[in-house]
Amino acid sequence: MDTVDRATRSKIMSKVGREATGPEMKLRKALFARGFRYRLNVKKLPGSPDIVLPKYKAAIFVHGCFWHRHEGCKYATMPKSRVEFWTKKFEDNVARDRRNVEKLLEMGWRVLVVWECSLKGKDTGKVERTIEEVVRWLKSDVRFAEVPNDSIDDVSGLEEKLLDDS
Ligand SMILES: [Zn+2]
């Protein structure tokens with residue numbers, strides 16, 4: 001029997017929707033536990049970054065590997081039908097992400113992209129390493145980096161890559 005009215009149901013569903021982003025929650029909780037304070041989904045910033053730490057001038061995106069096309073990642077699969085549609089959609093997503101990063105950098109923000117696969121799964125060692133990398137980046141003055149693709153030690157190359165491609 002359905003005892004939940006529509007409004008309540010949609011409220012529950014939206015709550016589920018928000019909490020369903022497990023990887024992002026993992027990162028948030030870990031940062032909070034380490035004493036970092038942040039704002040979430042800051043809509044006034046380009047791309048409304050997921051986690052914003054004004055004190056560190058840091059904007060963090062936790063990107064789903066499928067929608068945002070994590071290069072070389074096993075989760076960045078291509079659907080078997082409507083390939084043209086998906087190709088276009090993915091290209092648009094990637095282009096939008098890039099523009100948002102560039103705008104944020106121009107505004108003086110530092111930007112970190114954390115790919116969801118680095119926060120997923122039962123390998124707690126991997127998740128722990130991801131979080132340590134995020135913390136290291138926060139305390140650095142590196143302007144742009146990705147986790148886990150590239151070592152944060154070598155981000156000069158990353159910034160060049162970002163500028164070259166644009
Ligand atoms: Zn990935």
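**Reading the strands and helices of a predicted model**

Me: In this predicted model, what makes strand E2 and strand E3 count as paired?

Reply: Strand E2, residues 51–53, and strand E3, residues 58–63, are joined by 3 bridges and run antiparallel; since pairing asks for at least two bridges between two strands, the 3 bridges found here satisfy that requirement. Within this pair, Val52 stands opposite Ala59 in E3.

Me: Where does that pair sit in the sheet, and what is the strand order?

Reply: The sheet is open, holds 5 strands with mixed pairing, and has the order E1-E2-E3-E4-E5.

Me: Why are E1 and E5 said to stand at the edges?

Reply: Strand E1 (39–40) and strand E5 (144–147) each have a single partner strand, so one side of each is left without a neighbour in the sheet.

Me: How do you know that the span of helix H3 is close to what is expected?

Reply: Helix H3, residues 83–106, has 24 residues, and the distance from its first C-alpha to its last is 34 Å, which is set against an expected 34 Å at 1.5 Å a residue. Following H3 comes Gly108, whose phi is positive, near 95 degrees.

Me: How many helices and strands does the protein chain have, and how do they run from the N terminus on?

Reply: The protein chain has 5 helices and 5 strands, and from the N terminus on its elements run α-α-β-β-β-α-β-α-β-α.

Me: What share of the residues counts as buried?

Reply: A residue is called buried if 20 or more other C-beta atoms lie within 10 Å of its own, and 23% of the 166 residues of the protein chain count as buried.

Notes: Residues are numbered from 1 along each chain as its sequence is written. This is a predicted model: local features need pLDDT of at least 70, side-chain atom pairs count only at pLDDT 80 or more; totals for chains, interfaces and linings use all residues. Helices (H or I, at least four residues) and strands (E, at least two) are DSSP runs, numbered from the N terminus. A residue is buried if 20 or more other C-beta atoms lie within 10 Å of its own, exposed if 12 or fewer, and partly exposed in between; C-beta atoms are placed from the backbone. The expected span of a helix is 1.5 Å times one less than its number of residues.
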